[in-house]
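User: I would like to go through some of the terms used for this model and see what backs them up. Please keep the reasoning short.

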Amino acid sequence: MTETIRIIGIDPGLRRTGWGVIETLGNSLRFVASGTVMSDGDLDLASRLCQLHDGLAEVVHSYQPQEAAVEQTFVNKDAVATLKLGQARGVVMLVPARAGLRVSEYAPNAVKKAVIGVGHGDKKQIHMMLKILMPKATFVGNDAADALAIAICHAHNRGGERLRKMLASA
């Protein structure tokens, strides 16, 4: 018997962390909610990380997902920005883990391939495919759209991931 699974996708960022919640039943996807957790750029780093933690913890508490997926970070030219993004990503992974959720990670190209069919594409293509895959989906900005795409990627890959883990532990 197939059961409905609620998934939260999270697009980590220090300034804006996008989140999107979907439900999957077999091959069908249903939009639940999406949004962005913001941090105040005028505050110190620790306070901004607390804002991300508290905002995302409220989302997880409100929507009660069963699984979480986070986009892997890429390294950019600015080492300081990369380090700050890594710290934000740590908070983003901690929140669902503390709520007892399994947290999966996906590379940006894997997310694009799952949603638009190729590993490279622009934001417009992702937005268009989200509307096709989930016509009732609403999202404001790229961060929430990316988070929904991450959740969809996990929905498509979760069965294979469980099988790989079972085979590795056997």
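Analyst: This is a predicted model. In helix 2, A79, V80, L83 and R98 are exposed, on the other side from the buried residues.

User: Which residues of helix 2 are buried?

Analyst: They are L85, A88, R89, V91, V92, V95 and P96.

User: What makes them line one face of the helix?

Analyst: Viewed down the axis of helix 2, the buried residues fall within an arc of 155°, so they line one face. In general, an α-helix has 3.6 residues a turn, so residues three or four places apart point the same way.

User: What do the buried residues of helix 2 pack against?

Analyst: Their partners are strand 1, strand 2, helix 1, strand 4 and strand 5.

User: How do you know that the span of helix 2 agrees with its number of residues?

Analyst: Helix 2 has 20 residues, and at 1.5 Å a residue they should span 28 Å. The end C-alpha atoms are 28 Å apart, so the two values agree.

User: Why is D78 said to cap the N-terminal end of helix 2?

Analyst: A side-chain oxygen of D78 lies 3.1 Å from the backbone nitrogen of V80. A polar contact needs a pair of N or O atoms within 3.5 Å, so this distance meets the cut-off.

User: Why is T24 called buried?

Analyst: Its relative accessible area is 5%. Buried means under 20%, so T24 qualifies. T24 lies in strand 2 and touches E3, T4, I5, I7, L29 and A155, leaving aside residues up to four places away in sequence.

Key. Residues are numbered from 1 along each chain as its sequence is written. This is a predicted model: local features need pLDDT of at least 70, side-chain atom pairs count only at pLDDT 80 or more; totals for chains, interfaces and linings use all residues. Side-chain values use heavy atoms; hydrogens and water are left out. Helices (H or I, at least four residues) and strands (E, at least two) are DSSP runs, numbered from the N terminus. Buried means under 20% relative accessible area, exposed over 50%, partly exposed in between (1.4 Å probe, protein chains only). Contact means heavy atoms within 4.5 Å. The expected span of a helix is 1.5 Å times one less than its number of residues. The arc is that of the directions from the helix axis to the C-beta atoms. A polar contact is a pair of N or O atoms within 3.5 Å; within protein, one must be able to donate a hydrogen and the other to accept it, and residues adjacent in sequence count only if both atoms are side-chain atoms.
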